[in-house]
Every structure is written in structure tokens, then in C-alpha cells.
Amino acid sequence: MPARAPLVTARAVLALGLLAAGLAVALLLAGGLAAGAVLAVPMGHWALGALAAAAAALVVRWLLLLRVPPVRLTGIDVRAAEQPALIALVKLVAGRVGAPAPRRVCLVAGVEVTAVEEGGVLGLGAHPVLGIGVGLIALLGVSELEAALAHELGHRRAGGRAGGLLHRARAVLARASAPGRGGAIGAPFRRLCAAYLRATLHLARAQELQADRAAIQVAGAAAHLAALERAARGAVLFTAFLADEVEPLVAEGHQPENLYDGFRAYEAELTEQGRSVALERELARAPAEPEGLHPPLAARLAFARAFPDAGRPRDARPARSLLLNAERLERELTARVAAERAGERPLAVVPWAEVGARVYGPRVERAGRAYAARVAAEFGAPATGQGALAALLPTLERRHDEAAALVLDPSLASVPVDDRTRQVERIVSHALGALVGLSLVERGGAWRSEIGRPVEVALGRAVVAPLHVAEEALADRSRLAEVVRRAVETPQDST
């Protein structure tokens, strides 16, 4: 059962008191040691004075570690004149939550709403900056975005003023105790900070539920539930989307026109495949991370469902409709995301509709030609897709996969024998798929792809996914040659 708001406030006050007491003791200790050093020297206790001075310097050094570099949100700063509807919603939600309106609102690339503090010490005197992920805007309706904003802004009010200050102080301590900060000298300080963070973790999770309560009060339980589920799923999907669709493009020297057009299509495709529903079930069963700030998603959903439906009207408009010049903003953030991954390399812009023909397919085809050349050199076969397949299939049918993999990728020889299993599986599967694709292209096929699906070859009215063919063939070796031959010899008028 989540702690009630007054109890959360009381515990926040106690936690802040302990933190203040610890800082006061550290300051007194540093002052006392410094005074002792000053007094010891005139009395001729040079060694004792030097030791006290060194100890005072060490304590001061630890305290200075609290001066963490400010967190700067990188994205596109937006103002009321540029995005009146979005800024009006942020101010409206801040007023309903009872939190100060953010001094700065920044559109960031990901699938989150995040508030950071700029300025101040341990949260005192700081002002909030709000980052809103364009990836999240792509997934939510207006009421759901309202709930997400209310939750994040609600952190400053969860547990009253003391709770808000504790939330900000914990954020500073987490950064101050980052691994390696302060070197070996800072190790005791990092351990003390980590101990304090562990001791207040349960309270921090209770504050998360109080922030959820604020979201429910502002936007309604239904909107908050939908926002929780879509944000949790979207964060995982966005990470997978970047790995599956964007990073391979950047590796080939390209970037998409609009990252978020692709993400919306990726999410829709995975939903159609049923993978999004499976992911939601998996997320709902996942426990909280041991050091994670948020309670388990299942606990947050159960907490929200305990609130009665107040019949609050729900604004089902896409949150993206709040943005003026949404396409321009998305393209600008796309360029930033791609540049972060590319470094100094120039990137060519490619529309999503042309990615298969211009990037993914040719990459598989190049790999197929390299595999075909190696097979030809080893077996004396023609250096074509069909020639290489004819020479390679008998070896794979006999399950001599490692022997085949050593031909296909000679670098495997440098991998210890005991560590080769996964490498062999990857090499054989990729090579078989690439050779199937090359064979189809040699017959006049054309590469194509759809977001969230494997690269395909279109030959007349037939469409074949070579990498899927390889998986199917290798799963049943008794049908391996049949499956490959059926794919490679696909009539052009088949569907």
C-alpha cells in the first residue's frame, strides 16, 4: 500500500534533516581539523599539524564533489511565441499540480518527459527545465501527454516542499557519486552518498506514486494508465528502432529524412505483428531494478487502477497536433540524432521508402558477393549466388557448419574453439540469406524493405525475404535444399 502524502512529507523532512546534519558534521569536522592544524604548528607539533591539515583538505575535497556539472538538455528550445499550444499546456499542468512553470522547455529526441534543475546547490535555488521527447509526443494523445507532464512536474510537489527538495537533492547526490568521480580519494564519499541513496530509495519510490497521483488528478486515471503503458513500451521500442533501423543506416553513411515517421511506422508494424502486446505483458511482469527509482510498472498500474473513473473528458487528439511546424522540428532532431552517431562523417539523406533499394539491400548483396567469391575459391564453383549455394548446401545438410563458416569468414579461425558456437550460427545464417538474395538479384530481382520487417527481394509479383528463408532452411536440415531451391527458383508471377 503506498504511503499517504502526509507520511511521505514527514519522511522527506526526516531524510532532509539527516542530510543537513551530515553536511553540518562534515563542515564542523573540516573546521575543527583546520583549527587544530593552525594551533598545532605554534606548539611545535608539526607532524600532527600536517596530518590535521591533510584531513581537513580531504573533507573539503569531498564536499566540493557536491558541485556537480549542471545537466544540460540538448535539443530544441521552444518558447510560447513558437509553440503556443504546447507551452500553454505545460503552464496549465504546472498550475494544476502546484509546481512552478519551467523556465525553459526543450524538445528532446527520445521517448520521455524529464525535468532537470539548473543552478543552485543540492536543489536549493535551482530552477526547473523541462525536456519533452518528440518520440513520446509521436505516441501519445493530448490527455496522455498532459498526464506525463503532470507526473514529471509533480515530483516537485510529491511530499510537499520537503519532498520536492529531497527529489532534487537525490538527483545531485546520484551524479556526485557516479563511478570514478573524485578518483580513489573520493571513494569514501561515493560510498556515503550511495548509502544515503539506498536508505531513501523506498521513500523516493513512494514519491513516484505521489507524482502518479498528481497525474491522475490532472488528467484522469484512464489517460494516466494509457500514458504509463505507451511510454514504457515506447521507450523500449525506440531503443530497438534506433538499433534496428537507424544505426545500420548511419553505418552505411546515410540518415533518414524524418526519424519519427520511421518510428511511427515501426511501432505500427510491431503492433500489427503482435509483438507490442507481448512486450506490454513482459513489461507489466518485470520487477523494479534494485537501484531503480521507479516502482515496478505493475505496481504503478495497480495504484492508478485503484482510483475511480471521474468521468473526466479525454482529449484524444494526437499530441503531435500541438506542435507548429512539427515536420521541421522532427527533421531537425533527426539530423542531431544522426550526427551524434556519425561523428565527423558526412551523411546522405535517404527517404524511408528508398532505404531497402539504396542501403539495406545493396549491403546484403555486397556480403553475398564476398561469400560467393570465398566459396568459389574453396570449392571451384562459379562465383555467383546460385553457384555458391550449389557448392555450400551439401556441407550444411551434413551439419558441417563450422567448416562452412571457416570458408565464409576466415577470421573465425582466430576465435577460440570453445567460443565459436554463436559465431558459427551467425555467419552461416547471414551467408545463406545473403546468397539467396544475391541469387534472386542475379535473376533480375530488386531490393526493397518496409520498416520493422526484414529486407526483401521483389521478382515480378513474388516477394522473398532472404534472411527469413535462411532461418527456415537451417531450422530443418532435412528440408534445407528444398526450402532454398524453392525461394531461389521462385516463379516471377507468384505472390
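Arginine 399 is exposed in this predicted model. Its relative accessible area is 56%, and exposure is assigned because that value lies over 50%. The residue sits in the loop between helix 15 (385-397) and helix 16 (401-408). Its backbone is noteworthy as well: arginine 399 has a positive phi of about 65 degrees although it is not a glycine. Asparagine 325 also has a positive phi in a residue other than glycine, near 55 degrees. Asparagine 325 belongs to the loop between helix 12 (297-305) and helix 13 (326-342).

The chain as a whole contains 19 helices and 9 strands. Of its 495 residues, 48% are buried. Contacts were also sorted by sequence separation. Among those with a separation of 6 or more, 73% join residues 24 or more positions apart.

Helix 14 spans residues 355-379 and has 25 residues. From its first C-alpha to its last it reaches 34 Å. The expected figure, at 1.5 Å a residue, is 36 Å, and the modelled reach is close to it. The helix nevertheless carries a bend. At glycine 361 helix 14 bends by about 35 degrees. A proline, proline 362, follows within four residues. Just after the helix, glycine 380 takes a positive phi of about 70 degrees.

The largest nonpolar core holds 104 residues. Leu107, Ile132, Leu145, Leu149, Phe241 and Leu432 touch the most other members. Helix 17 (residues 421-442) gives this core its largest share, 11 residues. Another core lies apart from it. That core has 14 residues, among them Leu66, Ala169, Ala176 and Cys193.

Leucine 432 illustrates the packing in the largest core. With neighbours within four places in sequence left aside, leucine 432 is in contact with Leu389, Leu393, Leu396, Ala470, Ala473, Leu474 and Val484. Valine 484 lies in helix 19 (residues 480-488). With residues up to four places away not counted, valine 484 touches Leu389, Leu393, Leu432, Val436, Val469 and Ala473. The relative accessible area of valine 484 is 2%. Valine 484 is therefore buried, as that value is under 20%. Between valine 484 and proline 466 there are two separations to record. The pair is 18 residues apart in sequence and 9.1 Å apart in space, C-alpha to C-alpha.

Glutamine 255 offers a polar-named counterpart for inspection in strand 5 (residues 254-256). The relative accessible area of glutamine 255 is 12%, so the residue counts as buried, under the 20% limit. Outside the four nearest places in sequence, glutamine 255 is in contact with Thr334, Ala335, Ala338, Leu347, Ala348, Val349 and Val350.

An open sheet is formed by 3 strands in the order 7-8-9, with antiparallel pairing. Strand 7 (446-448) and strand 9 (462-464) are the edge strands, and each pairs on one side only. From one strand to the next, the twist averages 30 degrees. Strand 7 is joined to strand 8 by 3 bridges, and the two run antiparallel. In this pairing, alanine 446 stands opposite alanine 458 in strand 8.

Strand 8 (residues 456-459) also pairs with strand 9 over 3 bridges, again in the antiparallel sense. Valine 457 stands opposite valine 464 in strand 9. Leucine 459 has alanine 462 of strand 9 as its bridge partner. Strands 8 and 9 form a hairpin with 2 residues between them. In the turn, glycine 460 has a positive phi of about 65 degrees. In a regular strand, side chains alternate between the two faces of the sheet.

Methods:
Residues numbered from 1 in each chain as written. Predicted model: local features only at pLDDT ≥ 70, side-chain atom pairs only at ≥ 80, totals over all residues. Heavy atoms only, no water. Expected span 1.5 Å × (residues − 1). Bend = angle between axes of the 7 residues up to and from the residue. Core = buried A, V, L, I, M, F, W, Y, C linked by side-chain atoms within 4.5 Å. Buried < 20%, exposed > 50% of the residue type's maximum accessible area, 1.4 Å probe, protein only. Contact = heavy atoms within 4.5 Å. Pairing = 2+ DSSP bridges. Axes fitted to C-alpha atoms, helices over the stretch in contact; angles between N-to-C directions.
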